[in-house]
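Hi there,

Here is the structure I promised to pass along. Have a look at it first, and then read on for what turned up.

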Amino acid sequence: MAQQLLQGVMPYTEAHSMKFPGIYFVYAGILALLGQSSSAIHLALLFVNLATAFLLYLLGRNLLNSSTGIVAGVSYAILTLSPSLQGVWSNSEHFVVLFAIAGILLLRGTQRKKLFYSGLMLGCALLIKQHAIFFCLFGIIYLGAKFVSKPQALSFLGIGLFAAGGLTPAILIGLLYGFTGNFADFWFCTVQYASEYVSMTSPGQGFENFKYNFAPILESNYPILWLALMGLASVAWVKNASREYFFLFGFFACSFLAITPGLYFRPHYFLLWMPA
C-alpha cells in the first residue's frame, strides 16, 4: 500500500486493510528517503526503537530520576530485540509507541504549546493504528485529574489546545479522503469492517489467546517483567510520589487496554504495553 501511495494511489482504493492510513504514509516515507529495500525498513526500525528508548529515558527522568530513565530506556531497547514480542519485525506498533511516548512526555509540561503538541503526537499515534485510542484516553484522564486537583495549574484553554492537537490528524485525513472522493472506502475499511472484526472473539477465547501469547513473552523476558511488577508494587513503600504513581498506574492500565481490541492478543500487540 505504501508502494501504491508513492504512485499516487490512495490506500483503501485498490488495496484494503483495517488499519488507519498513517502507517502507509510512514512506510512510503521510509521507502522514499532510505530506498526501497528490506534493509531500509530495518534501518528505519532501528532509528525508531532508539528514539523511543531515548524518549522513555526522558520520561523516567521527568517522573522520578535519571536512573529510572536509564533503566526504562535500556529495558525497552532489550525488549524490542525479543523474538517472542516480534520486536525485530517492523510492525505498526513500533511507530505507534514512538508517537505515543512523545505525546505522553509532553503531557508532563505546563506550557500550553506543549499540550497542543502532546495532543498532536497522540493523534498521529491514533492515525497509525486504532489501538492508540487508549493512549489518547490516558491523556484525557490525566489532564482531567490534573485540572480537578490543581485548577490553577491548567486552564480550559490548555485542555482545548490538547483536544485541538489530537483532532488535527483525523480532520486532515478526513478532508484528504473527502477531496479525493474516497471517503466511503476509507470509512468502510477502517470503521465499519474493523468494528465487525473486533467483535468476533468471545471473552473466554480472548483469555485463552492472552495466556497462549503472553506465556512465551513472560518466559523469555522474565527478569525485566518481574522487575517491572516489583516497580508497580513499590508504591506501598515509596513515599511522596503519589502523583507520579497515579501517572504510572494510569499509563499502565491504558497501555494494557491498547492491546485488548478484538481480544486477539497477537505477540506484537504487547509492544504497546512494554513502555509502561
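Let me begin with the aromatic rings: this predicted model has 28 aromatic pairs. One of them joins phenylalanine 183 and phenylalanine 186, with ring centres 5.7 Å apart and planes at 55 degrees, so the pair is tilted. An angle between 30 and 60 degrees is what earns that label. Both residues belong to helix α9 (residues 183-197), and being 3 residues apart there, they are separated by about one helical turn. Their surroundings are worth a look too: phenylalanine 183 is partly exposed at a relative accessible area of 34%, whereas phenylalanine 186 is buried at 7%. Ring pairs also link these two into a cluster with Tyr12, Phe20, Tyr24, Tyr177 and Trp187.

Two arginines sit over rings as well. Arginine 108 lies over the face of phenylalanine 247, at 5.0 Å from the ring centre. For arginine 266, the charged end is placed over the ring of tyrosine 264, 4.6 Å from the centre.

Next, the interior. The largest nonpolar core has 67 residues, and those touching the most other members are Leu59, Ile104, Phe135, Phe138, Ile259, Phe270 and Met274. Helix α5 gives the most to this core, with 10 residues. Apart from neighbours within four places in sequence, isoleucine 104 is in contact with Leu59, Leu122, Phe135, Phe138, Phe247 and Phe251. So phenylalanine 247, the ring under arginine 108, turns up again among the contacts of isoleucine 104.

Which helix holds alanine 100? Alanine 100 lies in α5, which covers residues 92-107. With 0% relative accessibility, alanine 100 counts as buried. Not counting residues up to four places away in sequence, alanine 100 touches Leu122, Ala125 and Phe135. Its C-alpha atom is separated by 8.2 Å from that of cysteine 124, which is 24 residues apart from it along the chain.

Helix α2 (residues 22-34) passes a simple geometry check: at 1.5 Å a residue, its 13 residues should span 18 Å, and the end C-alpha atoms are 18 Å apart, which agrees. Its buried residues are Gly22, Ile23, Tyr24, Tyr27, Ala28, Ile30 and Leu31. The elements that cover them include α1 (2-6), α3 (38-63), α5 and α6 (112-128). Tyr24 therefore appears both among the buried residues of α2 and in the ring cluster. After α2 comes glycine 35, with a positive phi near 105 degrees.

Two residues that are not glycines also have a positive phi. Glutamine 86, at about 50 degrees, is in the loop between α4 (66-79) and α5; its 23% relative accessibility makes it partly exposed. Phenylalanine 265, also at about 50 degrees, is found in the segment after α12 (242-258) and is buried, with a relative accessible area of 4%.

Finally, a word on confidence. The protein chain averages a pLDDT of 93, and 98% of the residues score at least 70. Confidence is highest in α5, at a mean of 97, and lowest in helix α11 (residues 222-233), at 89. Where pLDDT is low, the predicted coordinates should not be read in detail.

Happy exploring, and best wishes!

Terms used:
Residues are numbered from 1 along each chain as its sequence is written. This is a predicted model: local features need pLDDT of at least 70, side-chain atom pairs count only at pLDDT 80 or more; totals for chains, interfaces and linings use all residues. Side-chain values use heavy atoms; hydrogens and water are left out. Helices (H or I, at least four residues) and strands (E, at least two) are DSSP runs, numbered from the N terminus. Buried means under 20% relative accessible area, exposed over 50%, partly exposed in between (1.4 Å probe, protein chains only). Contact means heavy atoms within 4.5 Å. A nonpolar core is a set of buried Ala, Val, Leu, Ile, Met, Phe, Trp, Tyr and Cys residues joined through side-chain atoms within 4.5 Å. pLDDT is the predictor's confidence in each residue, from 0 to 100. Rings of Phe, Tyr and Trp (its six-membered ring) pair if their centres lie within 6.5 Å; planes under 30 degrees apart count as stacked, over 60 as edge-to-face and the rest as tilted. A charge sits over a ring if NZ of Lys or CZ of Arg is within 6 Å of the ring centre and within 35 degrees of the ring normal. The expected span of a helix is 1.5 Å times one less than its number of residues.
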